Amino acid sequence: MKTFTIASLLALAALSASATEITVSGVRNSTGDNVTGSNIAVAQPVTAKLTATAEFENTAGNTGTNADTYAIGARYVAYATDRLTVTGVAKLGYADSLAGRGAYAQFGGELATPVTANLSASLGLNRQLGTSAVNAADRTEATVGLRYAVAKNLSVKAGVAFYNDTPGNKATLGVAYSF
């Protein structure tokens, strides 16, 4: 299933119009079980303000807390100037872990601003709600991110998510390629 999902995401990106972005990231979650993993995400602009997204994440911890999450979503630019972008985010997903299997929804917003010509920063706030099988992961998370443009189509991305009800955080470091 994982291989099929990754292949589907890459095929979607290859068949779509230009400006597709693929991001591959490493994940480290310090919320108790030293969880590490990987994430692959595809973002495809549909209009100037709307972007469709697809994501797969696989994580594993020291005590066998393995989890796979699959999600599709959308990002909508509600307001944009040369100094600030306000984006609404919505995502529907499926979590498959040892703790349970079920669907979840995530929604929220993000503020992004350029810091320099090649560096931008973002702040986000998201709420996640799941079915009874995965509602242990219901939470509000605040995110902080940086993106550095190495070249026209290549960026390095780093981010941290802080959860409202769980000590620790989730850190990601990845590379994004647009074509």
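Reading from the N terminus, the elements of the protein chain go α-β-β-β-β-β-β-β-β-β-β. This is a predicted model, where local features need pLDDT of at least 70, side-chain atom pairs count only at pLDDT 80 or more, and totals for chains, interfaces and linings use all residues. Residues are numbered from 1 along each chain as its sequence is written, and side-chain values use heavy atoms, with hydrogens and water left out.

**Exercise 1. Work out how many helices and strands the protein chain has.**

Step 1: settle the terms. Helices (H or I, at least four residues) and strands (E, at least two) are DSSP runs, numbered from the N terminus.
Step 2: read off the tally, which is one helix and 10 strands.

**Exercise 2. Find the salt bridge partner of glutamate 55, and say where the two residues sit.**

Step 1: recall the rule. A salt bridge is a side-chain nitrogen of Lys or Arg within 4 Å of a carboxyl oxygen of Asp or Glu.
Step 2: look for the partner. It's lysine 91, with the closest N and O atoms 3.1 Å apart.
Step 3: place both ends. Glutamate 55 belongs to strand E3 (residues 50-60) and lysine 91 to strand E5 (residues 85-97), so this pair, 36 residues apart, links distant parts of the chain.
Step 4: check the cover. Buried means under 20% relative accessible area, exposed over 50%, and partly exposed in between (1.4 Å probe, protein chains only). Lysine 91, at 19%, is buried, while glutamate 55, at 23%, is partly exposed.

**Exercise 3. Take the salt bridges of arginine 101 and arginine 139: is each arginine buried or exposed?**

Step 1: name the partners. Arginine 101 pairs with aspartate 96, their closest N and O atoms being 2.7 Å apart. Arginine 139 meets glutamate 141 at 3.4 Å, N to O.
Step 2: compare accessibility with the cut-offs. Arginine 101 has 55%, so it counts as exposed; its partner aspartate 96 is partly exposed at 23%.
Step 3: do the other pair. Arginine 139 is buried at 19%, and glutamate 141 is buried too, at 10%.

**Exercise 4. Which residues are linked with Glu21 in a network of salt bridges?**

Step 1: start at Glu21 and follow the network to Arg147 and Lys157.
Step 2: zoom out. Searching the whole structure turns up seven salt bridges.

**Exercise 5. What share of the protein chain is buried?**

Step 1: take the 179 residues of the chain; buried ones make up 30%.
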